[in-house]
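This report walks through one protein model, beginning with the chain as a whole and ending with single side chains. Please keep the sequence and the structure in view while you read.

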Amino acid sequence: MAASADDFTVFFELLPHVLRDDVLRRRMVMLIRWYWKMKLEWLGMPDGAAGLADPDLLGLAQLLSAVIDGLAIQTAVDPETDLANPYRVLAQMLECFEVARTGTRS
């Protein structure tokens, strides 16, 4: 999402409407929860939905979504934003998270 912010302009345009419309808000909640599940599956969890029952994995999915959405906003505002550095740091953070949870690095 962050790398192709132009493709997600509609997402940003929808937010003010979602915040004022309960039906849209409920639909966005379902989309966001699906997005969290996908994040865990992208990280190699065999069942992202089951992973969301783990408070640490849920928190990780929520933080990943917040980071990626935030970077998408920054890129939408400044298309020349270089995402290499934040993604490098994010990768380091994920390694630390894995070591903290499992005691090993993959």
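What percentage of the contacts in the protein chain with a separation of 6 or more is accounted for by residues 24 or more positions apart? In this predicted model, such residues account for 44% of those contacts.

**The chain as a whole**

The secondary structure of the protein chain comes to five helices and zero strands, and read from the N terminus the elements follow the order α-α-α-α-α. Along its principal axes, the C-alpha trace spans about 45 × 35 × 15 Å. Of the 106 residues in the protein chain, 21% are buried. The chain exposes about 7,300 Å², and carbon and sulfur atoms supply 61% of that area. The chain also carries 10 positive and 15 negative charges, and the mean positions of these two groups are 7 Å apart.

**Helix α4**

Helix α4 covers residues 55-77, and because each residue should add 1.5 Å, its 23 residues should span 33 Å, which agrees with the 33 Å between its end C-alpha atoms. The buried residues of α4 are Leu57, Leu60, Ala61, Leu64, Ser65, Ile68, Leu71, Ala72 and Thr75. A general point helps in reading such a list: an α-helix has 3.6 residues a turn, so residues three or four places apart point the same way. The buried residues of α4 pack against α1 (9-20), α2 (22-42), α3 (48-51) and α5 (84-102).

One of these residues can be followed in detail. Ser65 is found in helix α4, and it counts as buried because its relative accessibility is 5%, under the limit of 20%. Leaving aside residues up to four places away in sequence, Ser65 touches Tyr35, Trp36 and Lys39.

**Aromatic pairs**

Tyr35, which Ser65 touches, also leads to the next topic, the aromatic pairs, of which the structure holds two.

| Pair | Distance between ring centres | Angle between planes |
|---|---|---|
| Phe11 and Phe12 | 5.7 Å | 65 degrees |
| Tyr35 and Trp42 | 6.4 Å | 85 degrees |

Planes over 60 degrees apart count as edge-to-face. The planes of Phe11 and Phe12 are at 65 degrees, so this pair is edge-to-face, and the planes of Tyr35 and Trp42 are at 85 degrees, so that pair is edge-to-face as well.

Are Tyr35 and Trp42 buried or exposed? Tyr35 counts as buried because its relative accessibility is 17%, whereas Trp42, at 58% relative accessibility, counts as exposed.

Note on methods. Residues are numbered from 1 along each chain as its sequence is written. This is a predicted model: local features need pLDDT of at least 70, side-chain atom pairs count only at pLDDT 80 or more; totals for chains, interfaces and linings use all residues. Side-chain values use heavy atoms; hydrogens and water are left out. Rings of Phe, Tyr and Trp (its six-membered ring) pair if their centres lie within 6.5 Å; planes under 30 degrees apart count as stacked, over 60 as edge-to-face and the rest as tilted. Buried means under 20% relative accessible area, exposed over 50%, partly exposed in between (1.4 Å probe, protein chains only). Helices (H or I, at least four residues) and strands (E, at least two) are DSSP runs, numbered from the N terminus. Contact means heavy atoms within 4.5 Å. Accessible areas come from the Shrake-Rupley method with a 1.4 Å probe; for residues, only the protein chains shown count as cover. Lys and Arg count as positive and Asp and Glu as negative; His and the chain ends are not counted. The place of a charge is taken as NZ of Lys, CZ of Arg, CG of Asp or CD of Glu. The expected span of a helix is 1.5 Å times one less than its number of residues.
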